[in-house]
Structures are given as C-alpha cells and as structure tokens.
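Let's take a walk through a protein model together. Please have the sequence and the 3D view open side by side.

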Amino acid sequence: MKKHIRLFLLLLAALAILSGCSCKHEWAEATCDAPKTCTRCGQTEGEPLSHQWVQATCAAPRTCTLCGKARGEALPHTWMDANYQNPKTCSACGETEGKPLTAAFEEHGLVINTTAREEPYDYITGCYENSSKQTVGKLYISNYRIFESDDTHAAVDGYEWRAVDMRVEFSDENAFNYGYSVRSCRENYYDIESWDDYSTDAYDTVWSYLHEISDDCFITVVNYNGTDFPCAFSGENNACSDWVATSQTDKNGNTTTVYSSTWSASFYACVPEGYDGVVVGLRDNRIQWEDGMYVYDVADGNTLFFRMGNP
C-alpha cells in the first residue's frame with residue numbers, strides 16, 4: 001500500500017513539472033537591463049526595454065531617460081565672450097563665468113549725478129564774453145521718456161526713442177554782463193571711446209532724415225549684449241531766450257531789478273530696445289576739449305551727467 005502511495009506522489013510531482021511553475025508570480029516591470037521578471041521565482045517574460053537616449057549636452061553625456069545610464073562624455077561649452085551686459089556665457093547651456101565688462105564710466109570714476117526732478121542743479125560755467133568770469137545757472141531736467149515714435153521721430157524696427165528736456169536759467173550779474181555759454185556732450189556709459197566708431201552705412205540708410213530735424217545730430221555704434229548696433233543722437237529745439245527784467249522786493253521793502261535768460265534743449269537718442277547707456281552731460285565751457293581727448297579728460301566737479309537709463 002505504501003508503495004502505491006509513493007508512486008502516486010511521484011506521478012503528481014511529474015505532472016506539476018510538466019504543467020509549469022506553480023508560483024504565484026509577483027512581476028517587476030521590464031527595464032533596459034532585464035525583461036519582465038518575477039521577484040519570487042525569477043521567471044521572465046518578453047525582452048528588456050530599448051534605451052531612450054537623450055543627446056549629450058554641456059551638463060551631461062548621452063543619457064537614457066528610462067534607466068539613467070550614461071554613455072560617452074558631456075560636450076564642451078561653447079563660450080561667448082563677456083560684454084557690458086552679460087558675463088562670459090555658454091551659448092548652448094547658458095552657464096556663465098565671471099562678471100560683465102566694467103563700464104567705462106565706472107572705470108574712470110565718472111558719476112551720474114543728476115536725475116529728472118523738479119528741483120534744480122547748480123550748473124557752473126564760464127561767461128561767453130569773458131571766460132575768466134563764471135556764472136551759476138539753475139539746471140532743470142524734466143520729461144524723461146521712452147517711446148516708439150512720435151510726430152517727428154519715426155519708428156525703427158527693433159529700436160526705441162529716449163528723450164529728455166533740459167533748461168538752464170541764468171540770473172546772476174556775470175551772466176547778464178558777460179553772457180553765458182552752455183556746453184553739452186553725449187556719451188556712452190559703457191564704452192566712451194566707441195563714439196569714434198562712426199557708421200556711414202547707418203547714416204545713409206536709416207537715420208539721414210534726422211538732419212532735417214536738427215543739425216546737432218550724429219550717428220555712431222553701440223555694443224549691446226555683444227552685438228554692434230548703429231544709433232542716432234540729436235539735440236533739438238536748442239534756444240536761448242531774451243533777457244527779461246523782473247522786479248524783486250526784499251523784506252525791507254527795497255526793490256531791485258533782476259535780469260534772467262533761459263537756455264533750453266531736448267536730447268533724443270534712437271537706440272536698440274532696452275539700451276540704457278546714453279549719457280547727456282553739461283560741462284564748464286572754460287575747459288578746453290582738444291582733438292584726441294575724451295570726456296574723462298575734461299570732466300570735473302562742475303560737470304553734470306544725466307543717464308538715459310531704464311525705469
């Protein structure tokens with residue numbers, strides 16, 4: 001009887017082997033390295049997955065998005081030189097090194113010392129007829145604006161206009177007796193010496209119409225985000241008023257006559273959108289500006305600078 005039982009059990013075992021694994025499978029999903037696999041008995045189904053490769057970048061080599069396996073090496077950076085707005089930058093991944101170039105005004109210690117406001121600044125300059133005499137005018141800076149175009153300034157694709165109004169009121173005796181002289185200058189905050197890069201092509205093709213508005217106009221080149229752009233600058237509505245007599249009475253009842261005259265002008269710059277490097281300055285006319293000199297050679301404590309910056 002026992003012999004028959006053993007034979008029966010052996011027969012059942014053989015049938016189990018022939019019919020497959022009796023394990024209750026717990027499947028792990030296929031990966032790039034292995035097919036679908038039972039975590040209990042190791043049985044597999046199907047094939048491993050195919051790698052999903054992402055091309056190499058400056059930050060990482062060729063990499064599979066499914067399993068994270070990497071092959072090869074990361075790419076070298078493609079560096080763009082630093083400019084006045086940006087440090088050394090990789091054009092492929094955006095990584096940066098160092099700092100932007102130092103602006104020329106900062107390098108030479110020139111300070112932007114005015115803003116558009118209601119209160120005046122003291123503007124010290126020499127008298128027109130006798131430069132040994134000085135006069136002190138009151139400089140008012142107003143109506144700083146950034147715009148696309150207006151009735152006399154046409155829109156230029158990729159550019160914008162920046163403008164500011166200035167006036168200086170003279171009322172001291174030296175100005176009345178010997179006249180006054182206002183000397184303006186326009187500078188590039190980032191690269192003072194680039195003003196020498198006159199662009200004939202830009203004058204001929206884009207902004208020649210400015211000379212119909214003002215004789216005080218020139219075309220030059222500015223570097224913005226590493227690219228050279230031709231730009232136009234003009235001084236417009238430049239005028240000096242006649243002397244006006246005004247009676248003033250002090251607290252003791254004494255009356256005096258005060259003579260006053262006003263110089264005024266508007267300064268316009270047509271620049272690439274966002275460019276904030278144009279500086280308008282008023283300087284003492286007694287300082288000689290000779291050929292080969294730049295504003296850092298002639299600026300002193302009497303020089304007033306206004307920057308056409310961003311709000």
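What follows goes from the overall picture to the sheets, the core, the cysteines and a few single residues.

This is a predicted model, in which local features need pLDDT of at least 70 and side-chain atom pairs count only at pLDDT 80 or more, while totals for chains, interfaces and linings use all residues. Residues are numbered from 1 along each chain as its sequence is written, and side-chain values use heavy atoms, with hydrogens and water left out.

Let's begin with the whole protein. Its secondary structure comes to five helices and 19 strands; helices (H or I, at least four residues) and strands (E, at least two) are DSSP runs, numbered from the N terminus. Of the 311 residues, 33% count as buried, where buried means under 20% relative accessible area, exposed over 50%, and partly exposed in between, with a 1.4 Å probe and protein chains only. The accessible surface comes to about 18500 Å², and 48% of this belongs to carbon and sulfur atoms; these areas come from the Shrake-Rupley method with a 1.4 Å probe, and for residues only the protein chains shown count as cover. A contact means heavy atoms within 4.5 Å. Among contacts with a separation of 6 or more, 54% are between residues 24 or more positions apart.

Now to the sheets. Strands of a sheet pair through backbone hydrogen bonds, either parallel or antiparallel. Here two strands pair if DSSP finds at least two bridges between them. One open sheet has three strands in the order E13-E18-E19, with antiparallel pairing. Strand E13 (183–188) and strand E19 (304–307) each have a single partner strand, so one side of each is left without a neighbour in the sheet. On average, neighbouring strands of this sheet are turned by 25° against each other, direction ignored; the axes are lines fitted to C-alpha atoms, for helices over the stretch in contact, and angles run from 0 to 180 degrees between N-to-C directions. E13 is joined to strand E18 (residues 278–283) by six bridges, and Arg 186 stands opposite Val 280 in E18.

Another open sheet of three strands, also antiparallel, has the order E7-E8-E9. Strand E7 (79–80) and strand E9 (96–97) stand at its edges with a single partner strand each, so each has one side without a neighbour in the sheet. Two bridges pair E7 with strand E8 (residues 88–90), and Trp 79 stands opposite Cys 90 in E8.

There is a hairpin to look at as well. Strand E16 (residues 244–249) and strand E17 (residues 255–272) run antiparallel and are joined by six bridges. The bridge partner of Thr 249 in E17 is Thr 255. Five residues lie between the two strands of the hairpin, where Gly 253 takes a positive phi near 85°.

Next, the interior. A nonpolar core is a set of buried Ala, Val, Leu, Ile, Met, Phe, Trp, Tyr and Cys residues joined through side-chain atoms within 4.5 Å. The largest one holds 49 residues, and those touching the most other members are Tyr 123, Leu 139, Met 166, Trp 263, Phe 267, Leu 282 and Met 308. Try centring your view on Trp 263: leaving aside neighbours within four places in sequence, its contacts include Met 166, Val 168, Tyr 180, Cys 240 and Leu 282.

How many disulfides are there? A disulfide is a pair of cysteine sulfur atoms within 2.5 Å, and by this rule the count is zero. Cys 58 is in no disulfide, with the nearest cysteine sulfur, that of Cys 90, 3.7 Å away. Cys 90 is in no disulfide either, and the sulfur nearest to it, that of Cys 93, is 3.7 Å away. Cys 58 is buried, with a relative accessible area of 13%, and Cys 90 is buried at 1%.

Finally, a few single residues. Asn 143 has a positive phi near 55° in a residue other than glycine; this residue lies in strand E11 (residues 134–147) and is partly exposed at 44% relative accessible area. Asn 237, in strand E15 (residues 227–240), has a positive phi near 60° and is exposed, with a relative accessible area of 56%. Met 293 lies in the loop between E18 and helix H5 (295–298) and is partly exposed at 24%. Not counting residues up to four places away in sequence, Met 293 touches Gln 288 and Val 298.
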